[in-house]
Amino acid sequence: MLNEFRFLGRLAGDPVIAEKYTRFPLAVKQDKRGDAEVETDFFNMTCFGNTKKVVDEYLSEGKGKLVLVSGGVRNNTYEKDGEKKYEISFIVDRIDFCEKA
C-alpha cells in the first residue's frame, strides 16, 4: 500500500510550535492548463521528531519561503459536541528548501 504526498509550495504563515509537534500552513498552486485562472490550495502540515527540529530552527519566521514537503496522510476521527468529526492530517517526513538563503 502507498500512502504518500509531495507538495511544492510556500509557507502561508509562521509555524506554530508546540512541545511534541509543529504545524504550519502551506499554499500550493494548482497546475492549470490554458487560460484557466490559477487557484491556490492551503494545507496544514504537521511535523514531529527531527523534521520538527528543522522546521523550528529554519522556518520560525518563514512565511513566503518555497519548500518541497513529503510524507504520509492520516485520517483522524474525533467527537465534538456529540458529533463525529473527520480531519485529514499531512505528516511531514521530509522538507527541502527550494530557495537560496
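Here are some questions and answers about the structure above.

Me: Before we start, which pLDDT do local features need here?
Reply: This is a predicted model, in which side-chain atom pairs count only at pLDDT 80 or more, totals for chains, interfaces and linings use all residues, and local features need pLDDT of at least 70. Residues are numbered from 1 along each chain as its sequence is written, and side-chain values use heavy atoms, with hydrogens and water left out.

Me: Which residues of α1 are buried?
Reply: Helices (H or I, at least four residues) and strands (E, at least two) are DSSP runs, numbered from the N terminus. Helix α1 spans residues 49-58. Buried means under 20% relative accessible area, exposed over 50%, and partly exposed in between (1.4 Å probe, protein chains only). By that rule, the buried residues of α1 are T51, K52 and V55.

Me: How many degrees around the axis do those buried residues cover, and why does that put them on the same side of α1?
Reply: An α-helix has 3.6 residues a turn, so residues three or four places apart point the same way. The arc is that of the directions from the helix axis to the C-beta atoms. On the other side of α1, N50, K53 and E57 are exposed. T51, K52 and V55 share one side of α1 because their arc is only 100 degrees.

Me: Which strands are included in what covers the buried residues of α1?
Reply: T51 is in helix α1 and is buried, at 11% relative accessibility. Contact means heavy atoms within 4.5 Å, and, leaving aside neighbours within four places in sequence, T51 is in contact with V92, D93, R94 and I95. With the same neighbours left aside, K52 is in contact with I17, A18, E19, K20, Y21, T22 and C47. The cover over the buried residues of α1 includes β2 (16-17), β3 (22-29), β4 (40-47) and β6 (83-97).

Me: Which residue meets K52 in a salt bridge?
Reply: A salt bridge is a side-chain nitrogen of Lys or Arg within 4 Å of a carboxyl oxygen of Asp or Glu. K52 is buried, with a relative accessible area of 9%. Its partner also lies in helix α1, four residues apart from K52, about one turn of the helix. At 2.5 Å, N to O, that partner is D56.

Me: How many salt bridges does the count come to?
Reply: Besides the pair of D56 and K52, K85 forms a salt bridge with E83, the closest N and O atoms being 3.9 Å apart. K85 is partly exposed at 27% relative accessibility, and E83 is partly exposed at 46%. R94 and D96 also meet, at 3.0 Å, N to O. The count comes to three.

Me: Which residues have the most contacts inside the largest nonpolar core?
Reply: In soluble globular proteins, nonpolar side chains tend to be buried together. A nonpolar core is a set of buried Ala, Val, Leu, Ile, Met, Phe, Trp, Tyr and Cys residues joined through side-chain atoms within 4.5 Å. The largest one has 15 residues, and those with the most contacts inside it are F7, F24, L26, M45, V69, V92 and I95. At least two residues of this core come from each of β1 (5-11), β3, β4, β5 and β6.

Me: Which residues form one aromatic cluster?
Reply: Rings of Phe, Tyr and Trp (its six-membered ring) pair if their centres lie within 6.5 Å; planes under 30 degrees apart count as stacked, over 60 as edge-to-face and the rest as tilted. The structure holds seven aromatic pairs. One aromatic cluster is formed by F5, F7, F43 and F90.

Me: Why is C98 in no disulfide, and how far is its sulfur from the closest cysteine sulfur?
Reply: A disulfide is a pair of cysteine sulfur atoms within 2.5 Å, and the count comes to zero. C47 is buried at 0% relative accessibility, whereas C98 is partly exposed at 36%. The sulfur of C98 is too far for a bond because its distance to the closest cysteine sulfur, in C47, is 15 Å.

Me: What is the phi of D81, a residue other than glycine?
Reply: D81 lies in the loop between β5 (66-80) and β6. This residue is exposed, at 77% relative accessibility. Its phi has a positive value, near 55 degrees.
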